[in-house]
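Let's take a walk through a protein model together, starting with its charged side chains and ending in its interior. Keep the picture open as you read.

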Amino acid sequence: VNLYLDISKELCSKLLFDNSPSDLSNQFLFFLSLEKSFDYLADDTLNQTNADLPNLESFNAISKWDQLAGEPSLKNIIYKEKQPDGFIFDFYNAKDKLLIPVNDSLITSNQSSNLKKYILILDSYKRFMLLLRKTLDEC
(Lines give C-alpha, C1' and ligand atoms only; values in the text may rest on other atoms or scores of the structure.)
Protein backbone atom coordinates (compact mmCIF):
# COMPACT_ATOMS: atom_id res chain seq x y z
CA VAL A 1 0.00 0.00 0.00
CA ASN A 2 2.67 2.49 1.05
CA LEU A 3 5.02 1.72 -1.86
CA TYR A 4 2.38 2.67 -4.42
CA LEU A 5 1.42 5.71 -2.36
CA ASP A 6 5.06 6.83 -2.31
CA ILE A 7 5.27 6.37 -6.07
CA SER A 8 2.14 8.51 -6.46
CA LYS A 9 3.62 11.25 -4.28
CA GLU A 10 6.84 11.24 -6.28
CA LEU A 11 4.97 11.39 -9.59
CA CYS A 12 2.79 14.20 -8.30
CA SER A 13 5.87 16.27 -7.50
CA LYS A 14 7.07 15.85 -11.12
CA LEU A 15 3.83 16.90 -12.81
CA LEU A 16 3.93 20.07 -14.90
CA PHE A 17 0.54 19.93 -16.67
CA ASP A 18 2.14 21.10 -19.92
CA ASN A 19 0.44 18.40 -22.07
CA SER A 20 3.80 16.95 -23.04
CA PRO A 21 3.85 13.18 -23.67
CA SER A 22 6.05 12.55 -20.63
CA ASP A 23 3.80 14.63 -18.38
CA LEU A 24 0.67 12.83 -19.63
CA SER A 25 2.43 9.52 -18.98
CA ASN A 26 3.25 10.66 -15.45
CA GLN A 27 -0.38 11.63 -14.89
CA PHE A 28 -1.55 8.19 -16.03
CA LEU A 29 1.10 6.54 -13.83
CA PHE A 30 -0.04 8.68 -10.89
CA PHE A 31 -3.57 7.30 -11.19
CA LEU A 32 -2.36 3.77 -11.84
CA SER A 33 -0.13 3.69 -8.78
CA LEU A 34 -2.71 5.33 -6.53
CA GLU A 35 -5.35 2.88 -7.71
CA LYS A 36 -2.98 -0.01 -6.95
CA SER A 37 -2.52 1.37 -3.45
CA PHE A 38 -6.30 1.67 -3.12
CA ASP A 39 -6.66 -1.92 -4.35
CA TYR A 40 -4.13 -3.29 -1.87
CA LEU A 41 -5.76 -1.29 0.92
CA ALA A 42 -9.01 -3.09 0.10
CA ASP A 43 -7.22 -6.46 0.30
CA ASP A 44 -5.63 -5.49 3.61
CA THR A 45 -8.99 -4.31 4.94
CA LEU A 46 -10.61 -7.58 3.91
CA ASN A 47 -7.95 -9.53 5.80
CA GLN A 48 -8.41 -7.43 8.94
CA THR A 49 -12.20 -7.65 8.96
CA ASN A 50 -12.34 -11.39 8.30
CA ALA A 51 -15.43 -10.69 6.20
CA ASP A 52 -16.83 -13.59 4.23
CA LEU A 53 -16.60 -12.14 0.73
CA PRO A 54 -15.58 -14.95 -1.64
CA ASN A 55 -13.43 -14.21 -4.70
CA LEU A 56 -12.98 -10.57 -3.71
CA GLU A 57 -9.33 -10.73 -4.78
CA SER A 58 -10.43 -11.14 -8.41
CA PHE A 59 -12.41 -7.86 -8.42
CA ASN A 60 -11.07 -4.46 -9.40
CA ALA A 61 -10.48 -1.80 -6.73
CA ILE A 62 -13.84 -0.04 -6.89
CA SER A 63 -15.76 -3.34 -6.88
CA LYS A 64 -13.84 -4.47 -3.81
CA TRP A 65 -14.83 -1.30 -1.98
CA ASP A 66 -18.43 -1.73 -3.09
CA GLN A 67 -18.40 -5.17 -1.49
CA LEU A 68 -16.60 -3.97 1.64
CA ALA A 69 -19.23 -1.23 2.04
CA GLY A 70 -21.61 -3.99 3.13
CA GLU A 71 -19.64 -4.42 6.34
CA PRO A 72 -21.39 -2.51 9.15
CA SER A 73 -18.17 -1.04 10.60
CA LEU A 74 -17.05 0.31 7.19
CA LYS A 75 -20.34 1.29 5.60
CA ASN A 76 -20.43 4.96 6.62
CA ILE A 77 -16.74 5.58 5.94
CA ILE A 78 -16.92 4.17 2.41
CA TYR A 79 -20.26 5.82 1.68
CA LYS A 80 -18.86 9.24 2.63
CA GLU A 81 -15.89 8.79 0.28
CA LYS A 82 -18.21 8.04 -2.65
CA GLN A 83 -19.98 11.38 -2.22
CA PRO A 84 -18.94 14.39 -4.38
CA ASP A 85 -16.50 15.65 -1.74
CA GLY A 86 -14.98 12.23 -1.03
CA PHE A 87 -11.79 10.56 -2.18
CA ILE A 88 -13.35 7.82 -4.30
CA PHE A 89 -15.54 10.27 -6.21
CA ASP A 90 -12.70 12.76 -6.77
CA PHE A 91 -10.24 10.06 -7.80
CA TYR A 92 -12.41 8.49 -10.49
CA ASN A 93 -13.72 11.87 -11.64
CA ALA A 94 -10.18 13.22 -12.17
CA LYS A 95 -9.08 9.97 -13.80
CA ASP A 96 -12.00 10.18 -16.25
CA LYS A 97 -11.10 13.79 -17.07
CA LEU A 98 -7.62 12.63 -17.99
CA LEU A 99 -9.05 10.01 -20.33
CA ILE A 100 -11.62 12.38 -21.88
CA PRO A 101 -9.94 15.54 -23.14
CA VAL A 102 -11.36 18.97 -22.41
CA ASN A 103 -13.71 20.18 -25.15
CA ASP A 104 -12.76 23.82 -25.78
CA SER A 105 -15.56 24.35 -28.29
CA LEU A 106 -18.22 24.21 -25.57
CA ILE A 107 -19.05 27.18 -23.40
CA THR A 108 -19.34 24.94 -20.36
CA SER A 109 -16.89 22.10 -20.45
CA ASN A 110 -15.28 19.70 -18.09
CA GLN A 111 -12.42 21.43 -16.35
CA SER A 112 -8.98 19.98 -16.74
CA SER A 113 -7.19 18.76 -13.64
CA ASN A 114 -4.36 20.66 -12.02
CA LEU A 115 -1.71 20.07 -9.39
CA LYS A 116 -3.98 21.35 -6.63
CA LYS A 117 -6.56 18.68 -7.50
CA TYR A 118 -3.96 15.90 -7.51
CA ILE A 119 -2.61 17.01 -4.12
CA LEU A 120 -6.18 17.14 -2.80
CA ILE A 121 -6.73 13.56 -4.01
CA LEU A 122 -3.54 12.39 -2.29
CA ASP A 123 -4.46 14.15 0.95
CA SER A 124 -8.00 12.76 0.85
CA TYR A 125 -6.66 9.26 0.29
CA LYS A 126 -4.26 9.55 3.23
CA ARG A 127 -7.09 10.83 5.44
CA PHE A 128 -9.34 7.96 4.29
CA MET A 129 -6.62 5.40 4.90
CA LEU A 130 -5.91 6.76 8.39
CA LEU A 131 -9.59 6.82 9.35
CA LEU A 132 -10.05 3.32 8.02
CA ARG A 133 -7.09 1.95 9.93
CA LYS A 134 -8.17 3.63 13.18
CA THR A 135 -11.66 2.20 12.78
CA LEU A 136 -10.33 -1.30 12.15
CA ASP A 137 -7.99 -1.08 15.14
CA GLU A 138 -10.88 -0.10 17.42
CA CYS A 139 -13.21 -2.82 16.17
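A search of the whole structure, which is a predicted model, turns up nine salt bridges. Let's visit a few of them. Begin with lysine 14 and glutamate 10, whose side chains meet in a salt bridge with N and O 3.3 Å apart. Both sit in helix α1, which covers residues 2-14, and because they are four residues apart there, about one helical turn separates them. How accessible are these two? Lysine 14 has a relative accessibility of 45%, so it counts as partly exposed. Glutamate 10 is partly exposed too, at 46%.

Now for a pair that reaches across the sequence. Lysine 95 forms a salt bridge with glutamate 35, and their closest N and O atoms are 2.8 Å apart. Lysine 95 belongs to helix α5 (residues 87-99) and glutamate 35 to helix α2 (residues 21-49), so this pair ties together parts that lie 60 residues apart in sequence. Is each partner buried or partly exposed? Lysine 95 is partly exposed, at 21% relative accessibility. Glutamate 35 has a relative accessible area of 17%, and since anything under 20% is called buried, glutamate 35 is buried.

A third pair takes us back to a single helix. Lysine 126 forms a salt bridge with aspartate 123, with 3.9 Å between the closest N and O atoms. You'll find both in helix α6 (residues 115-138), three residues apart, which is about one turn of the helix. Lysine 126, at 30% relative accessibility, is partly exposed, and aspartate 123 is partly exposed at 40%. Salt bridges can also share partners: that is how Asp39, Asp43 and Lys64 are joined into one network.

Next, look at serine 63, which is found in helix α3 (residues 61-68). Serine 63 is partly exposed, with 26% relative accessibility. Try picking out alanine 42 as well: serine 63 and alanine 42 are 21 residues apart in sequence, and their C-alpha atoms are 9.7 Å apart in space.

Asparagine 26 is another one to find, this time in helix α2. With a relative accessible area of 19%, asparagine 26 is buried. What does asparagine 26 touch, not counting residues up to four places away in sequence? Its contacts are Leu11, Lys14 and Leu15. Lysine 14 is already familiar, of course, from its salt bridge with glutamate 10.

Time to head inside. In soluble globular proteins, nonpolar side chains tend to be buried together. Here, the largest nonpolar core has 35 residues, and those with the most contacts inside it are Leu34, Phe38, Trp65, Leu68, Phe87, Tyr125 and Phe128. Each of α1, α2, α3, α4, α5 and α6 supplies at least two residues of this core. Which helix gives the largest share of the core? That would be α6, with eight residues.

To see the packing up close, click on phenylalanine 38. Leaving aside neighbours within four places in sequence, phenylalanine 38 is in contact with Ala61, Trp65, Phe87, Ile88, Tyr92, Tyr125 and Phe128.

Let's zoom out to α6 itself. This helix has 24 residues and reaches 35 Å from its first C-alpha to its last, close to the 34 Å expected at 1.5 Å a residue. Its buried residues are Tyr118, Ile121, Leu122, Ser124, Tyr125, Phe128, Met129, Leu132, Thr135 and Leu136. What covers them includes α1, α2, α3, α4 (75-82) and α5.

Helix α5 can be checked the same way. Its 13 residues should span 18 Å at 1.5 Å a residue, and its end C-alpha atoms are indeed 18 Å apart, which agrees. The buried residues in α5 are Phe87, Ile88, Asp90, Phe91, Tyr92, Ala94 and Leu98. They pack against α2, α3, α4 and α6.

One last stop takes us back outside. Where would you look for a nonpolar patch? Phe28, Leu99 and Ile100 form one on the surface, and together they have about 300 Å² of accessible area. Leucine 99 lies in helix α5, the helix whose buried residues, Leu98 among them, you have just met.

Note on methods. Residues are numbered from 1 along each chain as its sequence is written. This is a predicted model: local features need pLDDT of at least 70, side-chain atom pairs count only at pLDDT 80 or more; totals for chains, interfaces and linings use all residues. Side-chain values use heavy atoms; hydrogens and water are left out. A salt bridge is a side-chain nitrogen of Lys or Arg within 4 Å of a carboxyl oxygen of Asp or Glu. Buried means under 20% relative accessible area, exposed over 50%, partly exposed in between (1.4 Å probe, protein chains only). Patches are made of residues with over 30% relative accessible area and no salt bridge: like charges are joined within 9 Å, nonpolar side chains (Val, Leu, Ile, Met, Phe, Trp, Tyr) within 5 Å. Accessible areas come from the Shrake-Rupley method with a 1.4 Å probe; for residues, only the protein chains shown count as cover. The expected span of a helix is 1.5 Å times one less than its number of residues. Contact means heavy atoms within 4.5 Å. A nonpolar core is a set of buried Ala, Val, Leu, Ile, Met, Phe, Trp, Tyr and Cys residues joined through side-chain atoms within 4.5 Å.
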